[in-house]
Amino acid sequence: MIEVISDKVVTARKEYYCELCISKINKGQKYRTQFNKYFGDVGTFRAHTECCELAKIIVDADEDGIDEDNFKEAMTDYVRKYHYDEAIDDIEVEWQRKSDYDLAKKILSELKANDTTHISLE
Ligand SMILES: [Zn+2]
């Protein structure tokens with residue numbers, strides 16, 4: 001299990017990469033940083049605040065926690081489930097060709113608008 005030692009939102013003093021969407025966290029942007037202990041190893045986790053928020057809603061985390069793989073998988077499942085357009089046999093055009101960070105923000109705003117706090121995509 002992951003033991004979270006510290007968890008805070010801070011302002012980036014240099015560029016980092018979000019460990020969930022793997023996009024850039026810009027200098028000056030607020031991001032979430034956690035210092036974790038995982039099976040005896042310690043490590044720092046950094047991610048966009050929106051990505052963390054979204055991950056909590058859409059990822060059913062197992063004991064390995066949330067990582068880029070189950071985060072991306074959950075976003076893909078979400079879009080396929082809720083934004084599939086039968087007419088073009090593909091996902092809706094406005095949901096296509098988005099960077100993972102833009103997609104995360106788009107899904108999050110939709111879920112917040114619906115007051116969704118958790119959904120299971122299984
Ligand atoms: Zn991100």
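How are H2 and H3 oriented to each other? The views below are taken from a predicted model, in which local features need pLDDT of at least 70, side-chain atom pairs count only at pLDDT 80 or more, and totals for chains, interfaces and linings use all residues. Residues are numbered from 1 along each chain as its sequence is written, and side-chain values use heavy atoms, with hydrogens and water left out.

**View 1. Helices H2 and H3 cross.** The axes (lines fitted to C-alpha atoms over the stretch in contact, with angles from 0 to 180 degrees between N-to-C directions) of H2 and H3 (residues 100–113) come within 11 Å and cross at roughly 55°. H2 and H3 are therefore oblique to each other, as the angle is neither under 35 degrees, over 145, nor 65 to 115. Helices are DSSP runs of H or I with at least four residues, and strands are runs of E with at least two, numbered from the N terminus. Among the residues that meet (heavy atoms within 4.5 Å) are Phe-71 and Met-75 in H2, and Leu-103 and Ile-107 in H3.

**View 2. Asn-70 in helix H2.** Asn-70 belongs to H2 (residues 68–82). Its side chain reaches the backbone nitrogen of Asp-67 at 2.9 Å. Not counting residues up to four places away in sequence, Asn-70 touches Val-59 and Gly-65.

**View 3. Strands E1, E4 and E5.** Strands pair if DSSP finds at least two bridges between them. E1 (residues 2–11) and E4 (residues 30–38) run antiparallel, joined by nine bridges; Thr-11 has Lys-30 as its bridge partner in E4. Eight bridges pair E4 with E5 (residues 41–48), also antiparallel, and Asn-36 stands opposite Gly-43 in E5.

Definitions and conventions:
A polar contact is a pair of N or O atoms within 3.5 Å; within protein, one must be able to donate a hydrogen and the other to accept it, and residues adjacent in sequence count only if both atoms are side-chain atoms.
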